[in-house]
Amino acid sequence: MTRFRKTAGQSGRVVFVGAGPGDPGMLTARASAALAEAAVVLVDPDVASAVQDAVREANPEAELTPVSGEPAEVAKGAVAAAKNGAVVVRLVTGDPYTSDDVVKEVLAVGRTSVPFDVVPGVATATAVPAFAGVALGSTAVTADLRGEVDLLALAAAAAGTGGTLVLQGSADQLPDAAVRLVEGGLAGSTPVVVTTGGSGTGQKSLVSKLSAVAEKTAGLDPLSGPVVATVGAAVDKRARLSWWESRPLFGWRVLVPRTKDQAGEMSDRLRAYGAVPVEVPTIAVEPPRSPAQMDRAIKGLVTGRYGWIVFTSVNAVKAVREKFVELGLDARAFAGVKVACVGEQTADAVREFGIQPELVPTGEQSSQGLLADFPEYDDVLDPIERVLLPRADIATETLAAGLVERGWEIDDVTAYRTVRAAPPPAAVREAIKGGGFDAVCFTSSSTVRNLVGIAGKPHAKTVVAVIGPATAASAQEFGLRVDVQPETAAVGPLVDALAEHALSLREAEDGEGK
């Protein structure tokens with residue numbers, strides 16, 4: 001028996017929520033709030049998988065159930081769940097009131113005692129053409145081929161006003177629709193752009209003529225899933241108005257070999273550039289086998305044992321913070337201790353702790369860069385000569401040796417262990433070795449070693465982007481060609497540098513084509 005979570009202080013209700021065209025970032029604030037409190041989410045089969053994944057991540061307790069069938073049956077299921085005290089979200093593509101079937105569901109729920117809300121969404125028929133680079137103007141008319149549509153009348157109206165038609169449906173419905181539009185008075189030379197996967201990183205747009213669509217020579221066969229066809233002279237301006245598919249990394253499949261909890265920032269930034277990130281965990285971060293060493297080190301911070309603490313990674317910062325929470329400490333324990341960070345990304349993690357680092361490399365953001373700026377021990381200026389260095393169990397000795405050369409005493413403490421992850425699925429391994437990825441972004445030497453260990457070396461045509469010089473050296477040890485390395489060793493600059501590299505490749509191709 002299914003048990004529904006009740007929302008405190010509220011009785012059950014049904015909320016019809018528009019999911020927008022497919023990009024989770026286009027869910028409205030009200031839609032996100034409704035999904036966050038839902039116990040049951042009834043999902044249309046054409047709601048984008050990216051949106052469904054976002055719902056699962058935001059509300060893991062919600063029960064996502066795909067629905068199909070007659071509106072009355074769907075409404076009956078929603079009402080039954082709501083009567084058990086659940087907040088039921090009926091999640092539909094685009095905007096709820098642009099679907100005749102969903103309107104019928106709302107009417108059916110309205111005939112019961114269960115209250116309902118409607119959260120409008122960004123309509124697919126207006127959003128997808130915008131993502132395809134088509135400005136609809138004020139005379140656009142939309143129609144859904146999955147319902148009853150008078151295409152002859154629409155064609156006559158569009159031919160008379162010069163307006164734009166937007167048709168939703170499937171690719172195999174378009175040829176017959178195009179025939180009817182020509183019969184209704186639209187010229188066969190009228191431009192058409194057919195878009196699938198609208199607003200997502202997998203979006204594809206095919207430009208043709210109405211006659212080619214009608215004669216089935218437009219090349220629509222590869223297109224799958226729901227499509228949006230935009231018909232009219234406005235399509236001709238697409239080359240100048242296109243903004244989504246013209247992004248630097250649009251359509252690139254980029255391998256992100258990072259721990260699962262760290263991949264999000266990079267994947268989000270890649271998506272913003274139009275890429276399709278594929279996350280492959282190569283390492284897992286685990287606590288040290290014995291906590292005693294870290295316990296002594298943290299207590300040493302409190303008692304004034306250390307003059308400096310040096311952070312070499314975000315994971316090291318996280319490990320110290322977790323130990324602080326465990327021991328009931330806060331940032332005040334750093335009083336009198338100077339903080340050094342190997343790079344800006346690590347420094348940002350320290351700042352989130354409420355601490356401003358005293359030292360971040362001004363040049364190369366690496367252990368060598370930090371050593372170049374780190375002061376030598378001075379027994380007059382430095383009353384405490386000991387440095388705490390919390391880091392991974394597999395960290396190199398370069399930094400510790402360099403600090404000792406500068407006269408410091410080092411407590412080199414294992415703050416966390418890095419463990420190689422399980423191999424990815426066979427299809428991903430084949431894509432890595434066979435050139436199925438356009439680029440790979442390495443953020444540490446361990447991600448290089450572990451990816452090669454669990455999946456093999458990336459294909460020679462794959463663009464290799466590395467976060468800094470140490471990672472570059474590791475990649476080169478495995479015979480990889482390093483194509484991209486940012487000036488600043490951090491995730492944001494790494495992705496930005498990859499986007500700049502992609503633009504330079506595109507410009508070079510355009511130059512060769514002239």
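Here are some short exercises, with worked solutions, on the predicted model shown above.

**Exercise 1. Get the overall picture**

Work out how many helices and strands the protein chain has, and what its C-alpha trace spans along the principal axes.

*Solution.*
- Start with the secondary structure: the protein chain contains 19 helices and 19 strands.
- Then go to the dimensions: the C-alpha trace spans about 90 × 65 × 40 Å along its principal axes.
- Now look at burial. The chain has 514 residues, and 50% of them count as buried.
- For the outside, the accessible surface comes to about 24,000 Å², with 51% of that belonging to carbon and sulfur atoms.
- Next, take the contacts with a separation of 6 or more: 70% of these are between residues 24 or more positions apart.
- Finish with charge: there are 48 positive and 62 negative charges, and their mean positions lie 4 Å apart.

**Exercise 2. Trace a β-α-β unit**

Find out which way strands β6 and β7 run, parallel or antiparallel, and which helix belongs to their unit.

*Solution.*
- Locate the strands first: β6 covers residues 141-144 and β7 covers residues 165-170.
- Check the pairing. Four bridges join the two strands, and they run parallel.
- For a landmark, pick Ala143, which stands opposite Leu167 in β7.
- Now add helix α6, residues 151-161: together with β6 and β7 it makes a β-α-β unit, and that unit is right-handed.

**Exercise 3. Is Leu165 buried or exposed, and what does it touch?**

*Solution.*
- Place the residue: Leu165 is in strand β7.
- Apply the cut-off. Leu165 has a relative accessible area of 2%, so it falls under 20% and counts as buried.
- List the neighbours, leaving out residues up to four places away in sequence: Leu165 touches Val141, Leu154, Ala158, Leu181, Leu186, Ala229, Thr230 and Val231.
- Follow one of those contacts to Thr230, which is found in strand β10, residues 226-231.
- Run the same kind of check there: Thr230 has a relative accessible area of 1%, so it is buried.
- Turn the contact around. Beyond four places in sequence, the residues Thr230 touches include Leu165, Thr164, Val166, Pro129 and Val193.
- For a contrast, try Gly434: it sits 269 residues from Leu165 in sequence and 42 Å away in space, C-alpha to C-alpha.

**Exercise 4. Put Val79 and Lys237 into burial classes**

Decide for each of these two residues whether it is buried, partly exposed or exposed.

*Solution.*
- Begin with Val79, in helix α3, residues 71-83.
- Its relative accessibility is 8%, so Val79 counts as buried.
- Leaving out residues up to four places away, Val79 touches Val14, Val109, Thr112 and Val114.
- Val79 and Ala143 are 64 residues apart along the chain, and their C-alpha atoms are separated by 29 Å.
- Move on to Lys237, in the loop between β10 and α9.
- With a relative accessible area of 44%, Lys237 lies between the 20% and 50% cut-offs, so it is partly exposed.
- Lys237 is 102 residues from Ala135 in sequence, while their C-alpha atoms are 8.1 Å apart.

**Exercise 5. Inspect helix α13**

Pick out which residues of helix α13 are buried, and which residue with a positive phi follows the helix.

*Solution.*
- Helix α13 covers residues 344-352, and Gln345, Thr346, Ala347, Ala349 and Val350 are buried in it.
- After α13 comes Gly354, whose phi is positive, near 90°.

Conventions:
Residues numbered from 1 in each chain as written. Predicted model: local features only at pLDDT ≥ 70, side-chain atom pairs only at ≥ 80, totals over all residues. Heavy atoms only, no water. Pairing = 2+ DSSP bridges. Right-handed = clockwise from strand over helix to strand, strands pointing away. Buried < 20%, exposed > 50% of the residue type's maximum accessible area, 1.4 Å probe, protein only. Contact = heavy atoms within 4.5 Å. Areas by Shrake-Rupley, 256 points an atom, 1.4 Å probe, with all protein chains shown as cover. Lys, Arg positive; Asp, Glu negative; His and termini not counted. Charge placed at Lys NZ, Arg CZ, Asp CG, Glu CD.
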